[in-house]
Each structure stands twice: as C-alpha cells, then as structure tokens.
Amino acid sequence: MQCKHELEYKQCADCQAEDYVEMVNALPRYVIVCMRHRDMLFGGNAHLFWSLDSNGYTAALETAGLYTEEKAREIAAGTHGQEIPINIAELGLEQEFFRTAESGLKELSTLTIFNVHNPRNKEIIERNKRIYYSDSAG
Ligand SMILES: [Zn+2]
C-alpha cells in the first residue's frame, strides 16, 4: 500500500510518525480541574477534579477521570476558565496512576490531593488557563 508521499506505507517514516502522534493524541491523558467549586472535606485546600465519565467531582487525583484532548477541550469550551484541562504529564503522572471504577482504590495506601496553595500547582493551573482560554483572556 502506498502512502500520500508515494512511498510504500511501511517504509515512510513521516506517515509512521504521524500515526504515532495521532495515536498518542487519541489517548485519554487529561484531567479537568474545576475552579467553580471548593472541596468540602479538606477545608477548601484541595482542588476538585472531574470524575470518570463527567460524573461529579473528586479531590483524590487517583479517582479523577481521564479525558482525551478533544473531549477536554470540549468540556472546557465556554466555561471561561472555570474548567481547566491539565495534561497528566505536567503532573508527573502516567495513566496507570489513575483508577477506573473497575480497578478501584482498595490496593492504594495513600490518596493524592492537589493543594490549592502550592505555588507550582498555581503555576500549572495558570499556564493551562492561558492555553485553553487565550481567546478570552483579558
Ligand atoms: Zn508517507
């Protein structure tokens, strides 16, 4: 099979690289932090994240839902910076960190919160807010 560069598809490094990027982009690698609500269990010190399948909020990062970039942008759109997507790589996390409803939390000894007062966390939120709301900044 020939690719758009008229090479044998398997031999085209460009097409293989594109496929790889597309595949990575399609993976759910975003959490959504909610600036609209405050947590009620940690004295307002923990950021709240969207749970799995847009089903409420969680303060435990392990139970935050993972969304594709496309879905994350869709959720964030029109919220004027109230719902902010963050790529989990920025948090130093991999997909395995997150627990689905099926895998549950029983094997974990700790739960992780995202402290609202931490300067680095503030920086991450501000940066992503600028990325996703650059058109409405001001
Ligand atoms: Zn090609």
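Good morning. A residue is called buried when its relative accessible area is under 20%, exposed when it is over 50%, and partly exposed in between. S54 is therefore partly exposed, because its relative accessible area is 38%. Please keep in mind throughout that the structure under discussion is a predicted model.

Let me stay with S54 for a moment. It lies in the loop between β2 and β3 (57–58). Its phi is near 55°, a positive value in a residue other than glycine. H80 also has a positive phi, of about 55°, and is not a glycine either. We find H80 in the loop between α2 and β4. With a relative accessible area of 65%, H80 is exposed.

I turn now to the zinc ion. Which protein atoms are its donors? They are SG of C3, ND1 of H5, SG of C12 and SG of C15, and they lie 2.0 to 2.4 Å from the ion. Along the chain, these donors follow the spacing C-x1-H-x6-C-x2-C. Why is the arrangement called tetrahedral? The reason is that the four donor atoms subtend angles of 102 to 117° around the zinc ion. For reference, the ideal angle for four tetrahedral donors at a metal is 109.5 degrees. Two of the donor residues may also be described by their accessibility. C12 is buried, since its relative accessible area is 2%, and C15 is buried as well, at 5%.

My next topic is salt bridges. Side chains of opposite charge can pair when their charged atoms come close. How many salt bridges does a search of the whole structure find? The search finds seven, and I shall present three, including one between E83 and R36.

In that pair, the closest N and O atoms are 2.8 Å apart. The bridge links distant parts of the chain: E83 belongs to strand β4 (residues 83–87), whereas R36 sits in the loop between β1 and β2, 47 residues away. Are the two partners buried or exposed? E83 is buried, at 2% relative accessible area, while R36 is partly exposed, at 43%.

Another bridge joins R127 and E90, with 2.3 Å between the closest N and O atoms. R127 lies in helix α3 (residues 119–132) and E90 in the loop between β4 and α3, so this pair ties together parts that are 37 residues apart in sequence. R127 is partly exposed, with a relative accessibility of 31%.

The remaining example is the bridge between R73 and E69, at 3.0 Å from N to O. Both residues lie in helix α2 (residues 69–76), four residues apart, which is about one turn of the helix. R73 is partly exposed at 41%, and E69 is partly exposed at 25%.

Let us look further at α2. Its buried residues are A72, I75 and A76. They cover an arc of only 95° around the axis, and therefore they lie on the same side of α2. The face turned away from this buried side carries the exposed residues E70 and E74.

Finally, I come to the surface. M40, L41, F42 and I113 form a nonpolar patch there, and together they have about 480 Å² of accessible area. Where is M40 placed? It is found in the loop between β1 (30–34) and β2 (48–50). Its relative accessibility is 77%, so M40 counts as exposed.

Thank you for your attention.

Technical notes:
Residues numbered from 1 in each chain as written. Predicted model: local features only at pLDDT ≥ 70, side-chain atom pairs only at ≥ 80, totals over all residues. Heavy atoms only, no water. Donors = N, O, S within 2.8 Å, 3.2 Å for Na, K, Ca; no water. Tetrahedral: all angles 85-135°; square planar, octahedral: opposite > 155°, others 65-115°. Buried < 20%, exposed > 50% of the residue type's maximum accessible area, 1.4 Å probe, protein only. Patch = residues over 30% accessible without salt bridge, like charges linked within 9 Å, V, L, I, M, F, W, Y side chains within 5 Å. Areas by Shrake-Rupley, 256 points an atom, 1.4 Å probe, with all protein chains shown as cover. Salt bridge = Lys/Arg side-chain N within 4 Å of Asp/Glu carboxyl O. Helix = DSSP H or I, 4+ residues; strand = E, 2+ residues; numbered from the N terminus. Arc of directions from axis to C-beta.
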